[in-house]
Amino acid sequence: MITLAVTAGTGVATTGTAVAETSDETVVVSPGARFVPRATRVLNAGETGFLTAQEGDDRLRWIDYASGAATVLADRLPKPLAYDPEEGRPRGDWPTGFGRGSDTVAIHSPTPSPHVTLQQRAGGGATTTVPIPEGQSYVETYGTTVVTRTGTERATTDLHLLRTEAGKVTDQRLEGLPEGWNLTISEGDSRSVVVRGILWEDTTMKNGWWLVDLASGQVTPLAANAHAVTLGKDTLLQVGPGDGTGDVAEVFDRNDLSAPPRALDIKNFPGDAMRLVGDALIGVQAANSGDNQYRGQPLYRLGADGSTGDELLAAATTELSWAPDGSVLVAGAETVTERGPLDWGYYRFTAAADGTLTRKRVADIEDMPAQPAGIALGSGILTTADDSNLFQPYTYIGSYRSTWLKTSGRPEEIRTSVDGLTSGRDADCGWLDASYCVTMFASGDGFHGRKEGTEQSRTMLFRNGDPKWGPTVTTGLMSPELVDLSGRFGVVNEASGGNQVISEFRGPDSGTVLEKRPQGAAALWGNTFWSNAPDSSTVSSKTLPAGTAGTTFTTLNKCVPSELQAVGRWVYWECRDNTNWLKGAGVYDRQTGRSTTAPDAKVLLGDGYFVAHTEKGGLTLFDLHDGLPAGGTYTALPQRTLVSAADLSENTVRRAGWTVDRFGGHVAYTGDDRRVRIVPTGVPASPLSVIDAKAPVTSLDLRAAAPSWAGTWWLSKPAESWQLTVKNKASGQVVRTVSGGEARGTVAATWDGKDPAGRPVANGAYGWTLSAKPADGSGAALSVSGSVKVTGGAAVTRDFAGNDGVGDLLAFTSAGVADFRAGTGTGLVDARVSGSGWTDANTVTSAVPFDDVSGDRCNDVLVRVKSGELRAYKPSCGGALKPTTAYTKVGLGWNVYDALTSPGDLTGDGRADLLARETSTGYLYLYESRGDGAFQGRVRIGTGWKGYLLSGAGDLTGDGKGDLLARDTAGVLWRYAGTAKGTLASRVKVGGGWQVYNALVGVGDLSGDGKADLLARDTSGVLWSYRGDGKGQFATRVKVGGGWQMYSRLS
């Protein structure tokens, strides 16, 4: 026995963090939870708590049984624990030697000389240091007994017990163990340990088990053919004695191994790992990866018939750790879900006096962050492909996850969704040691794709926030590979052939191939496609889908590009030969027509910058936004290191381990801690612009089924908000405003042709303007505009023939033909729509073009025939006026009037009214419209109107009220403004000399400016047009044409 000195001291417990720190600018994105729970190891189960280590962490935690509180030890592991979820086992050796079977925690250190420090739980009290004698190696500590060995780990020759006694250390060599065997300690506590021995004799393996009493060093042989031996508080469980089939387990009394054991029938019990809790046997099978089991199997209690009894946990690990009081610790979950993480925790099972088992959840086990296998970033939407949600590595490694980031200021997280499932490895990742690698592309408008994103022969995209496939396109290529994506367009190469396809993703299954061409370098930015012809150094662009030719340039050294990238005004090109040897690389500025070289690196082009990755240099940003250097070399560009090589994960593949947001955004990369980090570039984005558009229609028929004006605009970067304004071109009045909030990638605006009250707008020409504010506040607001012609809407005053928002003239010949002479919109009238038959009983004695009173959105006409009957005719929009046209009878006896006219709305109710002058008295009467083709009783509003030529002129002053024109016998033209109260204001002189005309007709807006105009026919039959100024006066007359004496009546 060797006596060694013992030293004593005081330990200190500290806390820490396992997540690497980062700069204030960089945003660490919250990871998803891995489908497979975080692997853990109970290093020591003591009387009051247990010591544990967990995957992805180098910290040691002492967890109290009673409270579940965890205290982090000052000591740390040499490196974080690693675990392979596919293989279901640790990567590398997991830690041991921290003590067993008591609250004593052992910390082994090889320096300055090998020793073991014994402390209570997490420290903070007295410590004991036990030196390791020369020639011995540390094995484990059981209670306060330190076990060492001589010889190598796999050829142990002796085991030694080191104990402290009266301030000294005693070294006891274990006697009674066989010589020449490979001896290991399978488990133990403060009282005894179980030693297993293996001896190979030629090709035959001999097996042996021994129980060693630590106090006395006594060695007791156990059954040599046992499969496993485990300890309980007062029991020893031996599995597999007898016939060696493992169908029987025997329970021995630890205090009297000679006593007859209790046999347990376990032939139908699924237990790769088993423990006794009191008298109850619990067990769990190992997860079977062949059945896609990676999260543990149920934990059962042995039933009375030797099969599974009560389910204790729905899923559990096979590490069943027992404590000195006989309780068992296990990591597991009470319920199992098909998708998503489990509620994993530490559970403690204790036997009650009546034989029942008590289950207590002692502490939670934090989810393991999912491992990103691919990342994409577009318009501030981060997409990761990681091992969350589901893990079936031969089909699916996990799911896509979408994270929306703030698009102004610091790119912090807003919300996250778990999307569709993803499988595992793309061609770009062939050299990488990492298990999974997915090359991903962001469309910029809320979708993402991957290089090998083909299912059922369809190349597909995935919508951020949606678990379903789509949109898709069938390319007809063998082994199609997506090589670029922007908005609705994609470029797909044939991996096993020489073809390339330009595709448009239109809907879930309605994508189309726009062009099939020889494979070459190609890039997309919005609807601009960049490519070069085979063996050509000239790069050209064209607009999709039309194919209109655009800018061309030639590479600096006239090399043939093997890769192209495009963002805004910039095009990146790279030339590599079949051996991957760089022949040249550069950036072209299509705004200035200049080029610069680029480094030999893996490059991704952003908005105003490019990022280059090298093995030693990490990620370096080169700033382009101020233009290219005069010398044409990249070394003159402003540059800075964004991410050091040490901070990148082992996955450094472009678009899998790092990427850029070319739609006005930042740089993203994956670190070794499984976190994705967003790094602001510091480069101002280009002004907000439209990079592609599905233009809205230029004509909108509101009589069509579900009429809709719709447009989609793809944006160069996110917009904070947008607004669509629709104006009537004639009046300048805004008829509808449609607005929206944040837009990432696209603005889709629709208009149903109605005003805010839900009423169809009036026919005519409209202008629209789409404006959008940049979310990042950089650059001016976006503004695009266009026009649309509305038909089938509300009828404009006097619009009969064209349904176009322009007033028309109604004229009758003496032969009984009624012509609608269509206004041209330029102040003239031209084409005609004719209806005959206005003779005999249908001879017209007065006609008044009237507004729509039937609700069919077509104007109506009041016609008085020679019998004195007044009728309200309802011609169809653009249809002729005939006696057979549908009408309603207004009344009889209207021959008492020698003038009928409609100035528009005189009462302020929005409906056109009728004026009638009585022949015998010259009284002027108002007939207020009821809106159904009939009128209220007449009201006299004036006297002395004999001798005037009357013309209802509509709104001449722009106040929304109908006005009346009257020419007196002296040829003076007067304007009587409507008051909207059923009366006329005092007359205002328009001008003299109007006696040359025998007809005056207020025809509404003939010129398209929204103002009421006037037609006048002189006595020689010439028709003249007077354009209203909206203030009650008229511009100089313009001749329409002669020969208008052919009409006996103009209305």
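**Contacts.** I began with contact range in this predicted model. I took the contacts between residues at least 6 apart in sequence and asked what share joins residues at least 24 apart. The share came out at 47%.

**Burial and surface.** Next I looked up burial. Of the chain's 1051 residues, 54% count as buried. I then turned to the exposed area, which is about 43000 Å² for the chain. Carbon and sulfur atoms supply 47% of that area.

**Overall dimensions.** I checked the radius of gyration against the rule for a globule. A compact globule of 1051 residues would sit near 31 Å. The chain has 45 Å. I also took the box filled by the C-alpha atoms along the principal axes. It is roughly 145 × 75 × 55 Å.

**Secondary structure count.** How many helices and strands does the chain have? I found zero helices and 88 strands. After that I went through two of the sheets.

**Sheet with E62 to E68.** I noted an open sheet of five strands. Its order reads E62-E68-E67-E64-E65, and the pairing is mixed. Which strands are at the edges? They are E62, covering 699–701, and E65, covering 734–740. Each of the two pairs on one side only. I looked up the turn between neighbouring strands here as well. With direction ignored, it is 25 degrees on average.

I then zoomed in on one pair in this sheet. Strand E64 spans residues 719–728 and pairs with E65. The sense is antiparallel, over six bridges. I picked out Trp722 and asked what stands opposite it in E65. The residue there is Gly740.

**Sheet with E84 to E87.** My second sheet is open and has four strands. The order is E84-E85-E86-E87, with antiparallel pairing. At the edges I found E84 (997–1004) and E87 (1038–1041). Why is one side of each left without a neighbour in the sheet? Each has a single partner strand, so the other side stays without one. The twist from one strand to the next averages 30 degrees.

Here too I followed one pair down to residues. E84 is joined to strand E85, residues 1013–1018, by six bridges. The two strands run antiparallel. I looked for the bridge partner of Gly1004 in E85. I noted Asp1013 as that partner.

**Entry to keep.** For the chain as a whole, I keep the strand count of 88 with zero helices. Beside it I keep the radius of gyration of 45 Å, against the globule figure near 31 Å.

Note on methods. Residues numbered from 1 in each chain as written. Predicted model: local features only at pLDDT ≥ 70, side-chain atom pairs only at ≥ 80, totals over all residues. Heavy atoms only, no water. Pairing = 2+ DSSP bridges. Axes fitted to C-alpha atoms, helices over the stretch in contact; angles between N-to-C directions. Rg over C-alpha atoms; globule rule 2.2 N^0.38 Å. Buried < 20%, exposed > 50% of the residue type's maximum accessible area, 1.4 Å probe, protein only. Contact = heavy atoms within 4.5 Å. Areas by Shrake-Rupley, 256 points an atom, 1.4 Å probe, with all protein chains shown as cover.
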